[in-house]
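Trainee: Could you walk me through how to read a protein model? I'd like to take it feature by feature.

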Amino acid sequence: MTLSVSPSGTCALRTLCRPTLSRAEMGLLLGMAALLVLAWFGPVLPASEHQHAFADQRGLWGIPCALDVLSNLPFAIAGLWGLVALRRVPHGMLDAASRALATLFFAGLLCTAVGSAVYHWQPQNAGLLWDRMGMVLPFAGLLGLAAAGRVSARAGGATAGAVLLAGPLAVVWWAHSGNLWPWAVVQLGGMLVVLVLACVPRRDGALPLHLGAVIALYALAKVFEGADHQVFEATAQAVSGHSLKHVLAAGAAWPVLSALVTLRNSSGRTV
């Protein structure tokens with residue numbers, strides 16, 4: 001017995017097997033490529049000579065730079081809370097890609113809490129390297145969730161993978177050359193991608209993640225980071241801008257947590 005395929009059948013088979021990109025996926029791919037070019041050919045951005053000179057140097061309970069260290073606890077709380085909330089979402093209510101990306105995001109928050117606390121205990125370049133490495137994980141999970149919710153599940157996985165590759169490379173390059181530009185592109189360029197995706201309608205059945213709230217909290221955190229000393233003086237040295245930056249950045253997990261609660265509640269109403 002022989003199996004023959006007509007020319008038209010061969011063309012149809014090739015069409016089915018060929019990995020085609022949607023317009024949204026192509027746009028996301030081009031945007032990521034543009035950021036790669038910008039990171040590679042951009043200017044040299046040296047780190048500040050005072051990058052470790054945080055405003056609040058006070059110790060507490062034997063902990064140096066205590067508030068900058070302890071203000072990382074919200075990252076750990078949000079990470080643990082998120083992992084528990086994720087387990088309570090029925091598997092049929094969340095696709096496998098979004099579940100994996102959310103797991104990466106919340107587990108990454110735990111790594112961020114540890115890395116940042118260790119760095120602020122004794123601020124120096126070696127600790128800062130691991131601090132930034134830890135930050136890559138939740139950043140990859142968040143960008144992946146944004147792409148999965150607004151473009152496609154495979155776009156979410158590809159975006160997270162790109163950040164997991166580009167982020168550590170940018171950190172290593174900074175440690176080797178002192179050039180902070182690629183890391184700045186990963187951070188700020190990534191949030192620009194989230195901002196653009198926030199303008200794209202959410203896919204049916206996707207995690208109801210409010211990207212606008214994520215962007216607002218992240219932007220506010222960066223403002224307080226830059227105003228570290230000014231906030232410390234404005235609050236009569238009660239709290240520094242950098243400590244508040246940690247709290248606000250951890251607060252960016254709230255929209256993801258809220259989306260999971262909304263999803264779980266909707267599953268309960270449909271039962």
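Trainee: Let's start with a cysteine: is Cys 199 buried or exposed?

Mentor: Keep in mind that this is a predicted model. To judge a residue, look at its relative accessible area: over 50% is called exposed, and under 20% is called buried. Cys 199 has 66% relative accessibility, so it counts as exposed.

Trainee: And what about Cys 65, buried or exposed?

Mentor: Cys 65 is buried, because its relative accessible area is just 7%.

Trainee: How many disulfides does the structure have?

Mentor: General idea to begin with: a disulfide is a covalent bond between the sulfur atoms of two cysteines. Here, a search of the whole structure turns up zero of them.

Trainee: Okay, charges next. Which side chain of opposite charge is nearest to Arg 132?

Mentor: For a salt bridge, the charged atoms have to sit within 4 Å of each other. For Arg 132 the nearest candidate is Asp 131, 6.2 Å away, and Arg 132 has no salt bridge even though it is buried. You'll find Arg 132 in helix α6, which covers residues 125-150.

Trainee: Which residues is Arg 132 in contact with, beyond its neighbours within four places in sequence?

Mentor: Those are Gln 51, Val 171, Trp 174, Leu 180 and Trp 183.

Trainee: What volume does the largest pocket have?

Mentor: About 1100 Å³. It is lined by 44 residues, and the closest to its centre are Met 135, Gln 187, Lys 222, Glu 225 and Lys 245.

Trainee: Which helix gives the largest share of that lining?

Mentor: That's α6, with seven residues. Other helices supply at least two each, including α5 (96-121) and α8 (181-198).

How values were computed
Residues numbered from 1 in each chain as written. Predicted model: local features only at pLDDT ≥ 70, side-chain atom pairs only at ≥ 80, totals over all residues. Heavy atoms only, no water. Helix = DSSP H or I, 4+ residues; strand = E, 2+ residues; numbered from the N terminus. Buried < 20%, exposed > 50% of the residue type's maximum accessible area, 1.4 Å probe, protein only. Lys, Arg positive; Asp, Glu negative; His and termini not counted. Contact = heavy atoms within 4.5 Å. Disulfide = S-S within 2.5 Å. 1 Å grid on protein atoms, 1.4 Å probe; cavity = no way out; pocket = protein on both sides within 12 Å on 5 of 7 lines; lining within 4 Å. Points joined across faces, edges and corners; volume = space filled by probe spheres on them.
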